[in-house]
Structure formats: C-alpha cells, structure tokens
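Notebook open, coffee poured. I want to go through this one piece by piece and jot down what I find.

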Amino acid sequence: MVSRSKSPSRKPVPPSSKKPVPESDTPGCDCASPPLKFLSLDDALYRYVVIHRSKPRDPVLDDLRDETEKLGSISGMLISREQGSFLTLLAALIGARSAVEVGTFTGYSSICIARGLLPEGRLLCIDVNADWTAIAGRYWKRAGLEDKIELRLGGGRAELEALPAECILDLAFIDADKPNYDLYYELVLPRVRPNGLILFDNMLQHGRILDPQDESARAIDNLNKKLCTDPRVECVLLSIADGLMLCRKM
Ligand SMILES: C[S@@+](CC[C@H](N)C(=O)[O-])C[C@H]1O[C@@H](n2cnc3c(N)ncnc32)[C@H](O)[C@@H]1O
C-alpha cells in the first residue's frame, strides 16, 4: 500500500555504508551502547501501522493521494498517512487555534493539521508553487476547510518575515526547502507561544544525515544538532516516516 519514500530522487543509504554516530556528537548520551531499542519495519508491519489508527479510510485524503500520485515520482513528497494522523492529533491535543505550514504541495498535511484545529482555528499555508497548491485548494473545499485555511503563494522566508508582530502561533509545520529549515525555525520560534509546537519533516534525510554529502543533508544534520542543545526548545526526533522532529517551545 504505502512503502514509498518522500524524496524519490534520494536513495536511502545502504546500511553497510552508514557511519556510526561518533560519540563526540552525542555528549552525555549512551545511545551508542547496546541494547538499542528500535524496530525495523518491513512492508507488512508498516501496513499494520498505517491501518491501526483512527479513520484509516478517508475519501478526501485517499483521493488527494491518488490524484497526487498521478503527478509521478514527485508524489513522494507527501507526508505519510500516519504522520498525517499524528499531526491532526497533536493539533487537537494542544488546542491549536493558529498554525502555519511552510511547504503545502497538494495539501495533504494541511488538511491533517486544519482538521485538528479548534473550530475557530486558522492555518496559514505558504508555498511557492501555484499549480500544486491549486490542487490543494480543491481538496480544502471538498474537506469543508476552505474557510480555515489561507494560502500565501511565495517563498517561506518572505512570507514568514511578513507575518504581523501580533501573530501568535500554536503550531508550525516546516516541510519545504531543506537548506532553509534553520532560517524558518528562527523566523517562527519568536511567534510560537510557550508550549506551542514546531515540527520539521525529513529530519533523517533517508539516512543521509549519517554522512551528509549534499546541501540538504548537511543543513538538516546541523539543525538536528542545534535543536537538541537549544535551550529555547525541548525536542525529540521521531523515527516516523523520514524522521519528524517535534519541538516544544519553552
Ligand atoms: C515536501 S513538499 C510539502 C509536502 C506537504 N507538506 C504534504 O505532505 O502534503 C515541499 C513543498 O515545499 C515547497 N517549497 C519549496 N521551496 C519553497 C520555498 N522556498 N518557500 C515555500 N515553499 C517552498 C514546494 O513547492 C513543495 O510544494
């Protein structure tokens, strides 16, 4: 059903070529020593994960995925289904009223976030691509969310800088150009309320963060290192899909 990478052009690093994380990278952490506690999923187990969540069948999101898949390999940019459910749950859990998303594509994650907002809640979506977000617009309407979601077509930096000073965010989801993630972090952090959340997708870069050779992987590795020692947030890197970093503002 869904064993699909989000960045189809990026091949996962084969296990044999992965460098172990140097202990100097993990001060005070014994995570280099066994026993390690994690589970490698195969297709069947992953399918089990995807099925075992509330409302696994969702006509709007299923049709949106189908339509996006017709765009070809670029559809790998969609967040995974269980990530979507997790975003809805998180938004509801914190009683989010005001959220921003950088990187909307055809709208899957935006629908998931918007569904978790309070009834009066609003989501601001930022993306540079008019064609992909036009698809999103149709599905926002179909999901009855068109009054909850506002689209700003433009670059993440300019649009975040243009947010009014009085804009206070409960939740920010960053899923756009990876080299600018740190910039987006610094732009949203002052606007996020204490105990508000900032989430970043693709924080494992399909394993390339262990030996970052390209600009995106280097940027994400640097940001992971920065976030886990940043006293302004408490964070955890969840190994869901391609890695979801969840940060709570202090
Ligand atoms: C990974 S996709 C987002 C997927 C979406 N969050 C989802 O799961 O449904 C990345 C999106 O970021 C957008 N993007 C790329 N560079 C951007 C920038 N500088 N500012 C805003 N959006 C950008 C692309 O147009 C693309 O739609």
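Before I talk about partners across strands, a definition: I call two strands paired if DSSP finds at least two bridges between them. Also for the record, this is a predicted model.

**Sheet, starting at β5.** I looked up what stands opposite I198 and found C247 in β7. β5 and β7 (residues 244-249) are joined by five bridges and run antiparallel. Then I checked how well covered β5 (residues 192-201) is: seven of its ten residues are buried, so I noted the strand as mostly covered.

**Over to β4.** β4 (residues 169-174) and β5 run parallel, with five bridges joining them. One pair I wrote down is F173 with its bridge partner L199 in β5. I traced the chain from β4 to β5 and it goes through helix α7 (residues 181-188), making a right-handed β-α-β crossover. How many residues of β4 are buried? I got six of the six, so the strand is largely enclosed by the rest of the structure.

**On to β1.** Strand β1 (residues 98-102) runs parallel to β4, and four bridges join the two. For V100, I found the bridge partner in β4 to be A172. Reminder to self while clicking along the strands: in a regular strand the side chains alternate between the two faces of the sheet.

**Helix α3.** I took the span of α3 (residues 81-93) next. Its 13 residues reach 18 Å from the first C-alpha to the last, close to the 18 Å expected at 1.5 Å a residue. The buried residues I listed in α3 are R81, Q83, G84, S85, F86, L87, T88 and A91. What covers them? My list includes α1 (43-51), α2 (59-69), β1, α4, β4 and β7. After the helix comes G95, and I noted its positive phi, near 60°.

**Ligand.** I pulled up the 19 residues around the ligand; I79, G103, F105, Y108 and A176 come nearest. Sorting the shell by type gave me ten nonpolar, six polar and three charged residues. Which elements each supply at least two residues of the shell? I found α4 (108-116) and β2 (122-127) doing so.

**Two single residues.** First L163, which I located in the loop between α6 (156-161) and β4. Is L163 buried, exposed or partly exposed? I counted 16 other C-beta atoms within 10 Å, so L163 goes down as partly exposed. I also checked L163 against R191: they are 28 residues apart in sequence, and their C-alpha atoms are 9.1 Å apart in space.

Then N224, which sits in helix α8 (residues 215-227). It has 20 other C-beta atoms within 10 Å, and the cut-off for buried is 20 or more, so I put N224 down as buried. Leaving out residues up to four places away in sequence, I found N224 touching M203, I209, L237 and M245. Last lookup: N224 and C235 are eleven residues apart along the chain, with their C-alpha atoms separated by 9.5 Å.

Key
Residues numbered from 1 in each chain as written. Predicted model: local features only at pLDDT ≥ 70, side-chain atom pairs only at ≥ 80, totals over all residues. Near = placed C-beta within 6 Å. Nonpolar A, V, L, I, M, F, W, Y, C, P; charged D, E, K, R; others polar. Buried ≥ 20, exposed ≤ 12 C-beta atoms within 10 Å, placed from the backbone. Right-handed = clockwise from strand over helix to strand, strands pointing away. Expected span 1.5 Å × (residues − 1). Contact = placed C-beta atoms within 7 Å.
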